[in-house]
Amino acid sequence: MVVNVFVSYARDDVLDDKNLIDEFLKHGKARQRNREIEIFKDTERIDFGDVWKSKIDSALNQADIALLFISANFIASDFIFEHELKVLLQKHRDEGIVILPILLGFCEWDIIEDLAQFQIFPDPNEPLRSMNTSVFEGKAMAVSYTHLRAHETDSYLVCRLLLEK
């Protein structure tokens, strides 16, 4: 069974010189090719002429896992909070989808109750943007889909994230 991964991020975070979101997602490409996971990132899944909101809604409804790339830009986005995060949190409560917040840069994520309830990755004192390339690669591998295992039970999909220490 394919695990559907929804990527929530602020557009401004992929426009800078150091696009860590795409660099991070590269670590899931092998499992994507093996058809173990399907990654939905809007810029890769919405084509010219598509009704973008319905595509996002469909991906949100199918999500088994949500990767939240948290930054000041993410927190400033009304669309993320009023639409994406609202749906994902409801799915977490109702269906138990896994929400994985990933800290891109220093910001006040921890005063937002909806975000602060989840264990963030990596250490809040060392967001991804503060790391050199080799440390970043190691951290991305630690949370990558290499360590994601999914299996079916009687009535639902169970996803476990196993982090290396």
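# Helix α7 and its surroundings

Guide: G96, just after α7, takes a positive phi of about 75 degrees. This is a predicted model, in which local features need pLDDT of at least 70, side-chain atom pairs count only at pLDDT 80 or more, and totals for chains, interfaces and linings use all residues. Residues are numbered from 1 along each chain as its sequence is written, and side-chain values use heavy atoms, with hydrogens and water left out.

Visitor: What makes α7 a helix, and how many residues does it have?
Guide: Helices are DSSP runs of H or I with at least four residues, strands are runs of E with at least two, and both are numbered from the N terminus. Helix α7 covers residues 78-95 and has 18 residues, so it satisfies the helix criterion.

Visitor: How do you know what span to expect of α7?
Guide: The expected span is 1.5 Å times one less than the number of residues. For α7 this is 26 Å, and the helix reaches 24 Å from its first C-alpha to its last, which is close to the expected value.

Visitor: Where does α7 bend, and by how much?
Guide: The bend is about 35 degrees, at L85. The angle is taken between axes fitted to the seven residues ending at a residue and the seven starting there.

Visitor: Which residues of α7 are called buried?
Guide: Buried means under 20% relative accessible area, exposed over 50%, and partly exposed in between, with a 1.4 Å probe and protein chains only. I80, H83, E84, L85, L88, L89 and K91 are buried in α7. The elements against which these buried residues pack include β1 (3-8), β3 (65-70) and β4 (98-103); a contact requires heavy atoms within 4.5 Å.

Visitor: Why is β4 described as largely enclosed?
Guide: Five of its six residues are buried, so the rest of the structure largely encloses β4.

Visitor: What makes β3 and β4 a pair, and in which sense do they run?
Guide: Two strands pair if DSSP finds at least two bridges between them. β3 and β4 have six bridges, in the parallel sense, so they meet the criterion. F69 stands opposite I102 in β4.

Visitor: Why is R35 called exposed?
Guide: Its relative accessibility is 65%, which lies over the 50% limit, so R35 counts as exposed. R35 is in the loop between α3 (29-33) and β2 (37-40), and has a positive phi of about 60 degrees although it is not a glycine.

Visitor: Which peptide bond is cis?
Guide: The bond from F121 to P122 is cis, with omega near -10 degrees.
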